[in-house]
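Please read this report with the sequence and the model side by side. It goes through the domains, the helix packing and the ligand surroundings in turn.

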Amino acid sequence: MSVFTPLQRDELDAFLAPYRLGRLRDFEGIAAGSENSNFFVSLERGEYVLTLVERGPVADLPFFIELLDVLHQARLPVPFAIRTEAGEALRSLAEKPALLQPRLAGKHVASPNAHHCAEVGRWLARLHLATRDRIIERRSDRGLDWMQQEGPSLAMSLPPEPLELLRDGLAEIAELKPKILALPRANLHADLFRDNVLFEGSHLTGVIDFYNACSGPMLYDLAIAVNDWCSHPNGELDEERSQALLAAYSALRRFSPAEAELWRPMLRVACVRFWLSRLIAKQNFAGQSVLIKDPDEFCRLLAARQRCHSALPFAF
Ligand SMILES: Nc1ncnc2c1ncn2[C@@H]1O[C@H](COP(=O)(O)OP(=O)(O)O)[C@@H](O)[C@H]1O
Ligand SMILES: N[C@@H](CCOP(=O)(O)O)C(=O)O
């Protein structure tokens with residue numbers, strides 16, 4: 001279970017008092033998740049999620065708080081930092097940075113259909129439209145430079161066939177980097193996987209886990225989402241789901257010719273990114289009770305994306 005810092009009731013009581021949300025009824029650690037310690041917290045005046053930030057870009061927490069405020073104001077269903085009576089958003093508990101957010105309704109969808117995918121496409125377009133004219137700059141700490149830095153040595157740990165596949169992926173990144181960096185930009189979620197989205201029935205009710213959010217090419221966000229939401233277990237793209245996601249997105253923001261040209265390579269870049277981070281997690285957390293996702297999934301996806309002929313709809 002991924003609660004790295006257990007909490008005692010009395011320390012939580014004391015932490016929650018300045019929010020003036022009533023007395024603590026109940027709390028429980030959340031097993032899902034792999035980065036931070038999260039707790040469902042039931043207070044007299046509502047249901048909340050408390051996050052203790054365990055690792056990652058702690059210095060960038062003001063960025064996440066600001067971005068989520070912008071998205072909340074744009075009426076996107078996202079968690080945002082609740083302020084204490086004194087106006088504090090970012091606090092400290094058990095010597096960790098701590099945030100209290102509203103608990104969003106809904107459940108994760110493991111096997112999405114085309115309708116779910118269309119909802120994800122619309123949500124992503126709304127995120128990009130809400131931020132592209134006033135981007136809050138943040139460089140991804142798992143961006144192209146990071147992939148080029150970490151990739152070669154991680155590739156060496158792989159058997160010959162995946163090694164060659166990863167090297168091809170890294171070579172393509174080196175070749176296309178200038179074109180990728182010139183694509184239209186906005187703020188990105190940059191981790192829009194099924195386990196970061198909540199649904200009630202076929203209605204998207206929440207997107208969580210913004211700790212990879214950054215500024216960058218909007219097409220990259222789409223590639224990350226399509227790879228996770230629109231793949232068969234063997235890694236092949238599901239054209240019906242992928243076209244549903246892309247069509248719903250492009251109904252709100254039209255794709256440019258440069259984006260159309262880079263679509264298939266971008267799907268591969270997004271595979272390399274998560275293949276590498278899963279290889280690192282597997283090395284770092286081996287033998288620990290932390291959720292480790294299978295790196296081979298992205299090996300299969302990357303192989304499939306080399307054969308893929310998918311195109312962006314209505315590009316120009
Ligand atoms: N604001 C929220 N509303 C409802 N559920 C949430 C919220 N934040 C987190 N969760 C639940 O906690 C789990 C772990 O959260 P996540 O942000 O993915 O953790 P981590 O940062 O460790 O990856 C999610 O899968 C979800 O079930
Ligand atoms: N959703 C990702 C995990 C998030 O990426 P990380 O770089 O923050 O570990 C996955 O499924 O691998």
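What follows describes a predicted model.

**Domains**

The domain assignment divides the protein into domain 1 (9-102) and domain 2 (114-306). Taken over C-alpha atoms, the centres of domain 1 and domain 2 are separated by 27 Å. Domain 1 gives 18 residues to the contact and domain 2 gives 20 residues. The side of domain 1 that touches domain 2 consists, by class, of 13 nonpolar, two polar and three charged residues.

**Helix packing**

Two packed helices are described by the angle between their axes and the distance between the axes. The table gives these values for three pairs, together with the handedness of each crossing.

| Helix pair | Angle | Axis distance | Crossing |
|---|---|---|---|
| Helix 6 and helix 7 | about 150° | 9 Å | right-handed |
| Helix 8 and helix 9 | roughly 165° | within 9 Å | left-handed |
| Helix 6 and helix 8 | roughly 55° | within 8 Å | right-handed |

Take helix 6 and helix 7 to begin with. Helix 6 covers residues 218-229 and helix 7 covers residues 239-250, and the two pack at an angle of about 150°. An angle over 145 degrees counts as roughly antiparallel, so helix 6 is roughly antiparallel to helix 7. On the side of helix 6 the contact is made by L222, A225, V226 and W229, and on the side of helix 7 by R241, S242, L245 and Y249. These residues divide into six nonpolar, one polar and one charged.

The next pair is helix 8 (residues 257-285) and helix 9 (residues 296-306), whose axes cross at roughly 165°. Helix 8 and helix 9 are therefore roughly antiparallel to each other. Helix 8 contributes R264, L267, R268, C271, V272, F274, W275 and R278 to the contact, while helix 9 contributes F298, C299, L301, L302, R305 and Q306. By class, the contact of helix 8 with helix 9 has nine nonpolar, one polar and four charged residues.

How do the axes of helix 6 and helix 8 lie, and at what angle do they cross? They come within 8 Å and cross at roughly 55°, which makes helix 6 oblique to helix 8. From helix 6, the residues in this contact are L219, Y220, A223, I224, V226 and N227; from helix 8, they are E259, L262, W263, M266, L267, V269, A270 and C271. The contact of helix 6 with helix 8 divides into 12 nonpolar residues, one polar and one charged.

V226 of helix 6 thus appears in the contact with helix 7 and also in the contact with helix 8. On helix 8, L267 and C271 take part in the contact with helix 9 and in the contact with helix 6.

**Ligand surroundings**

Which residues around ligand 1 come nearest? Of the 19 residues there, they are A32, G33, E35, P79 and D209. The shell around ligand 1 is made up of seven nonpolar, eight polar and four charged residues. Domain 1 and domain 2 each supply at least three residues to the shell around ligand 1.

Ligand 2 is surrounded by R142, D191, F193, N212, F274, S277, R278, A281 and K293. By class, this shell has three nonpolar, two polar and four charged residues. Two of the residues around ligand 2, F274 and R278, are also among the helix 8 residues that contact helix 9.

Methods:
Residues numbered from 1 in each chain as written. Chains lettered and ligands numbered in written order. Predicted model: local features only at pLDDT ≥ 70, side-chain atom pairs only at ≥ 80, totals over all residues. Near = placed C-beta within 6 Å. Nonpolar A, V, L, I, M, F, W, Y, C, P; charged D, E, K, R; others polar. Domains from an automatic or database assignment. Axes fitted to C-alpha atoms, helices over the stretch in contact; angles between N-to-C directions. Helix = DSSP H or I, 4+ residues; strand = E, 2+ residues; numbered from the N terminus. Parallel < 35°, antiparallel > 145°, perpendicular 65-115°, else oblique. Left-handed = near helix turned anticlockwise from the far one by under 90°. Contact = placed C-beta atoms within 7 Å.
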